[in-house]
Amino acid sequence: MIARIEPLTTTRRLTGPFDYLLPDAPVDVGSIVRVPFGHQALDGVVVALAADSEVAADKLVAPTSVREDAVPPELVDLALWMAAEYCSTPARALSLVLPPRGRVRTQLWASPVGADLDGQRLTEGQRALLERLPGPAAPDLAALRRLEARGLVAIAPRARRRVPRTNPAADRAVTLTAEQEAALAGVREGGEHLLWGVTGSGKTEVYLRACAEALERGRGVIVLVPEIALTPQTVARFQARFGDTVALLHSALGEGERYDEWRRLRAGEARIAVGPRSAVFAPVADLGLIVVDEEHDASFKHEGDPRYDARRVALERARREGAGLLVGSATPRPETWHGMAHLRLTGRVGAGALPPVRVLDMRASKSPLHELTRRALLATEKSIVLLNRRGWSNFLTCRSCGKVWECPHCDVALVLHRAERAIACHHCGHRERVPDRCDVCGSLAVARYGAGTERIEAELREILDVPVFRLDADTATTKDAVPELLGRFHGAPAGLLLGTQMVAKGHDFPDVTLAVVLDADSTLRFPDFRAEERTFALIAQLAGRAGRGPRGGRVLVQTTAPDAPAIEAAARHDTAGFLRGELARRRELRYPPFADLIKVVVSSVRAEPAHAAAVRVAGALAGVDGEVLGPAPLFRLRDRERWQVVVKTTARAPAVAATAAAVDAAARDRALREVAFSVDVDPQ
Ligand SMILES: [Zn+2]
Ligand SMILES: [Zn+2]
């Protein structure tokens, strides 16, 4: 027997797997081993066992060691599928499913051995000590050792779990509505379902019941949520309902905590994994259900290599392991709407109707705040204001010569951050001091255009008496900053929460009665076929945050494009109407879900090699069934010139394979050594 092993290296040029002899320690598919590779030693994953090798026996060597923790075989297969599906390499895909590094922490544990204590000479203290057992030996180790010597106590090391810190919620027993019952019956049938319901319609309770039913059948569950920091309430409800059966997997865990949670799942001590996109790789055995909450959220797409989409991986994993898939949203993606059976929740449980939305035309306005917005904010105790742009102003320009301050590393304008007295690039992080004069013509007239969250915060503080809480990437600089800030807003009797799209995510603030979207069409101006979908979702999600309490609420949407279909539909709360129109548009333009997109981006410091590589890739794709768009230039980013080629196809698998072959061939060309390639299947 030999082992086929994929060495974990990041280079594209190596294509495994490679054959090795079996080591002394037992190995199986998923074992993580240390292997000699050329002149170095690498970690590798066993992807198959085989009877013999085409390599001569005397040329084969064995791994030098085997790690104690292994990858479940089904996750090895899933990773290999991912490598092909996303034009990546097996090594890069396998690195996503590896167990976290760590070891079990132990403590000495003392337990009574059930010896007859009558006739034993014991002091008062010794009797008290025996009373408190079983328990950790630590505080009384010396005394317990003496009792152990007399055969009265057993002391042995025992795993001690490092428990992640959480905000517990009280579980409330609820009676299901008829609609929730019907949805649950749909889930029970198995397969893939979209749970569509507005914010507050009781989707979480359906998830909880569906999980409980999977557990009763002896199956495990994975629950995917957007960033944990922004959805603490959903996580807390799972923990309240299922206790230690829930393992939390997210990046804010300490190393030891992450390891312990992984190990509890692998050992079957925990049966429900809850976490953001990477939790789709949780080592849950006998998987019965995968839930994807807030499925429209952009965070499910991974921007590293492989550029996987956790929603698609969840679908694939569910199919491979015979599990059900339940994805939920108030604003489902067109792809999901088109491709899955719908389970519908129409009512809002314990809350009023959706708040009325008023669209305010800003085309003639000079101030960033409409007069009606200003008045509404003054008359409201608790409100949320969304502006999807941080900083003070969008760009600086010289009134005399027209110079625009741009990033020296990227071809984009620098954004003013007044509190830091800096202008900053939002793409690469470059910062420089705010100019007091134009360095080209010497003029002192430097104009600032547009308004970001920092400037709106200052304006709101001027006119309002209530505290203003700003939530954006500039204020949420640490892991604890977001829950801390949301907690303060939640606890304040009056206040205003201002921020970027972070304020529109799953929080539940029953006393918020006003939600405002500023510059609602800013997302529409992106040159991207998803601009409409994003704009609609952002407005509709924010509208769902207002009026969840008995006092109701209202929504104001400021825009310079009041007639845009996405904005009109959001104002009518017409999700179905919006999706019907959007799907018709996509069918006509042949965009997903009616075709698949594959995007190749090539970059290099010098313009010439990147362009040559793009031409080469586009040429190699000429025979693909579909359209090849480009090469088209992208703006320079982090000192790199970039070009892109996009394939639009209805024959996904062959197009993906052809793209992988085209990129691999170009990447191996020594003349294109300095070019970096990135492939994005289903770009978002
Ligand atoms: Zn100038
Ligand atoms: Zn930059």
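The exercises below, each with a worked solution, concern a predicted model.

**Exercise 1. Helix α8**

Task: Work out what the 12 residues of helix α8 should span at 1.5 Å a residue, and find how far apart its end C-alpha atoms are. Then find which residues of α8 are buried, and what covers them.

Solution: Begin with the length, for which the expected span of a helix is 1.5 Å times one less than its number of residues. Helix α8 takes in residues 255-266, and for these 12 residues the expected span is 16 Å; the end C-alpha atoms are 16 Å apart, so the expectation and the model agree.

Next, consider the surroundings of the helix, which is mostly covered, since nine of its 12 residues are buried. The buried residues of α8 are Glu 257, Arg 258, Tyr 259, Asp 260, Glu 261, Trp 262, Arg 263, Arg 264 and Leu 265. Their cover includes β11 (246-248) and β12 (272-275). Finally, look just past the helix, where Gly 268 takes a positive phi of about 80°.

**Exercise 2. Strand β10**

Task: Find how many residues of strand β10 are buried, and which strands pair with β10.

Solution: Strand β10 comprises residues 220-224, and five of its five residues are buried. Taking the faces in turn, Gly 220, Ile 222 and Leu 224 are buried on one side, while Val 221 and Val 223 are buried on the other.

For the pairing, β10 runs parallel to strand β13 (residues 287-292), to which five bridges join it, and here Val 221 stands opposite Leu 289. Strand β10 also pairs in the parallel sense with β12, over four bridges, and in that pairing Leu 224 stands opposite Gly 275. Strand β12 therefore appears both as a partner of β10 and among the elements that cover the buried residues of α8, which itself has 12 residues.

**Exercise 3. Strand β17**

Task: Explain why strand β17 is described as largely enclosed, and find the bridge partners of Val 385 and Ile 384.

Solution: Strand β17 is made of residues 382-386, and because five of these five are buried, the strand is largely enclosed by the rest of the structure. Both faces share in this, with Lys 382, Ile 384 and Leu 386 buried on one side and Ser 383 and Val 385 buried on the other.

Turning to the neighbours, β17 pairs in the parallel sense with strand β24 (residues 495-499) over five bridges, where the bridge partner of Val 385 is Leu 498. With β25, the pairing is again in the parallel sense and has four bridges, and Ile 384 has Ala 515 as its bridge partner there.

**Exercise 4. Leu 518 and Arg 344**

Task: Decide whether Leu 518 is buried or exposed, decide the matter for Arg 344 as well, and list what each residue touches.

Solution: Start with Leu 518, whose place is in the loop between β25 (514-517) and α14 (531-543). A residue is buried if 20 or more other C-beta atoms lie within 10 Å of its own; Leu 518 has 24 within 10 Å and is therefore buried. Not counting residues up to four places away in sequence, Leu 518 touches Pro 368, Val 385, Leu 386, Leu 387, Ile 456 and Gln 558. Of these contacts, Pro 368 is 150 residues away in sequence, yet the C-alpha atoms of the two residues are 7.8 Å apart.

Arg 344 lies in strand β15 (residues 341-345). Its 14 C-beta neighbours inside 10 Å make Arg 344 partly exposed, and, with residues up to four places away in sequence not counted, Arg 344 touches Glu 179, Trp 196 and Gly 197.

Technical notes:
Residues numbered from 1 in each chain as written. Chains lettered and ligands numbered in written order. Predicted model: local features only at pLDDT ≥ 70, side-chain atom pairs only at ≥ 80, totals over all residues. Helix = DSSP H or I, 4+ residues; strand = E, 2+ residues; numbered from the N terminus. Contact = placed C-beta atoms within 7 Å. Pairing = 2+ DSSP bridges.
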